[in-house]
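Me: I have a model open and want to go through a few spots in it. Can you take short questions as they come?

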Amino acid sequence: MRTQFIAGNWKMNKTVSEAYDLAIALVSGLRAVRETEVALCPPFVSLTVVKSAIANTPIKLGAQNMHDQDKGAFTGEISPLMLAGLADYVILGHSERRQHFGESDAFINRKVHAALKHGLRPILCIGETLEQNERGETEAVLRRQVHEDLAGVAPADATRIVIAYEPIWAIGTGRAATANDAQARCAYVRQQLRGLFGSAADAMRIQYGGSVTAANAKEILSKPDVDGALVGGASLKAEEFIAIVQAAKANS
Ligand code: PEP
């Protein structure tokens, strides 16, 4: 049995005080939830206040990115050493990092290793563009990303990694994948993970991400290979995010 995992990616939204207020509202609204794992991923500057808001609750903290080096002349970057002990999870390879900041699979692979070395659990984002989807290249893209981003990871570490399958055409567009398509892609990703890690792949969580809302969450999350969701826009509204978490719970 894999525990459903709902993570909120707040992206570049919320001031520090707004982030604190949102976290407090979520703590209150999610008090009764125990069956589903929840993580909040605020901007770096709000990690400490959100950590204080969720103290003494099962809610986990995630960062949205990090560099692969522990320290050095990388102005504006945050290192795994700085996040260790602060965050539980770190989102790596988000399509916005790949698209806008030119992050390569080789760089993302180094980050995965750095996160694991420092006890951080990667939420590794993969997914195809609209053009790749329309050309029928989705599986080839997912296969390449899984193999390149996870190269050299030991099977013993695999279960510390969460995969977020996020078709880029579904992110922030209001056009989510159908539940059946999300299931088919997540099942394909798991098949690739089995090739790399054997039976450990059956214990790995694979989230779906891309325009998940309170309205579509229950159906998407009911699928056997969809083990949760990475939620962007809908994670910024307490009621909406709480409803998504409750949709996962309702399926369990
Ligand atoms: C995301 O950015 O990871 C995401 C899934 O965004 P949204 O839910 O807004 O599509």
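Me: What is asparagine 216 in contact with, leaving aside its neighbours within four places in sequence?
Reply: Ala176 and Ser211, where contact means heavy atoms within 4.5 Å. The model is a predicted one, in which local features need pLDDT of at least 70 and side-chain atom pairs count only at pLDDT 80 or more, while totals for chains, interfaces and linings use all residues. Residues are numbered from 1 along each chain as its sequence is written, and side-chain values use heavy atoms, with hydrogens and water left out.

Me: Which backbone atom does the side chain of asparagine 216 reach?
Reply: The backbone oxygen of serine 211, at 2.9 Å. That is a polar contact, meaning a pair of N or O atoms within 3.5 Å; within protein, one must be able to donate a hydrogen and the other to accept it, and residues adjacent in sequence count only if both atoms are side-chain atoms.

Me: And where does asparagine 216 lie?
Reply: In the loop between E7 and H10. Those labels follow DSSP runs numbered from the N terminus, with helices (H or I) of at least four residues and strands (E) of at least two.

Me: Ligand next. How many residues surround it, and which are the closest?
Reply: There are 14 around the ligand, and the closest are Lys11, Glu166, Gly172, Ser211 and Gly232. A residue is near a molecule if one of its heavy atoms lies within 4 Å of it.

Me: What is the shell made of, by class?
Reply: Four nonpolar, eight polar and two charged residues. Ala, Val, Leu, Ile, Met, Phe, Trp, Tyr, Cys and Pro count as nonpolar, Asp, Glu, Lys and Arg as charged, and the others, Gly among them, as polar.

Me: Which N or O atom of glycine 232 lies 2.8 Å from a ligand oxygen, backbone or side chain?
Reply: A backbone one. Two side chains also have an N or O atom placed against a ligand oxygen: glutamate 166 at 2.7 Å and histidine 94 at 2.8 Å. Taken alone the ligand exposes 290 Å², and the protein buries 96% of that. The areas come from the Shrake-Rupley method with a 1.4 Å probe; for residues, only the protein chains shown count as cover.

Me: Back to lysine 11. What is its phi?
Reply: Near 50°, a positive value in a residue other than glycine. Most residues other than glycine have a negative phi. Lysine 11 lies in the loop between strand E1 (5–9) and helix H1 (16–29). The side chain of glutamine 64 reaches the backbone oxygen of lysine 11 at 3.0 Å.

Me: Which other backbone oxygen lies by the side chain of glutamine 64?
Reply: That of proline 42, 3.4 Å from a polar atom of the glutamine 64 side chain. Glutamine 64 is found in the loop between E3 and helix H3 (80–83).

Me: Where is asparagine 56, and is it buried or exposed?
Reply: Asparagine 56 is in the loop between helix H2 (47–54) and strand E3 (60–63). At 83% relative accessibility asparagine 56 counts as exposed, because exposed means over 50%, buried under 20%, and partly exposed in between (1.4 Å probe, protein chains only). Phi of asparagine 56 is near 65°, again a positive value in a residue other than glycine.

Me: Aspartate 70: which side chain does it join in a polar contact?
Reply: Histidine 118, at 2.8 Å. Aspartate 70 is partly exposed, with a relative accessible area of 26%. Aspartate 70 is also found in the loop between E3 and H3.

Me: Switching to H9. What span should it have, and what does it have?
Reply: Helix H9 (residues 179–197) has 19 residues and should span 27 Å; its end C-alpha atoms are 26 Å apart, which agrees. The expected span is 1.5 Å times one less than the number of residues.

Me: Which residues of H9 are buried?
Reply: Among them are Ala179, Ala182, Gln183, Cys186, Val189 and Leu193. An α-helix has 3.6 residues a turn, so residues three or four places apart point the same way. The cover over the buried residues of H9 includes strand E5 (121–126), helix H7 (138–149) and strand E7 (205–209).

Me: What comes just after H9?
Reply: Glycine 198, with a positive phi of about 65°.
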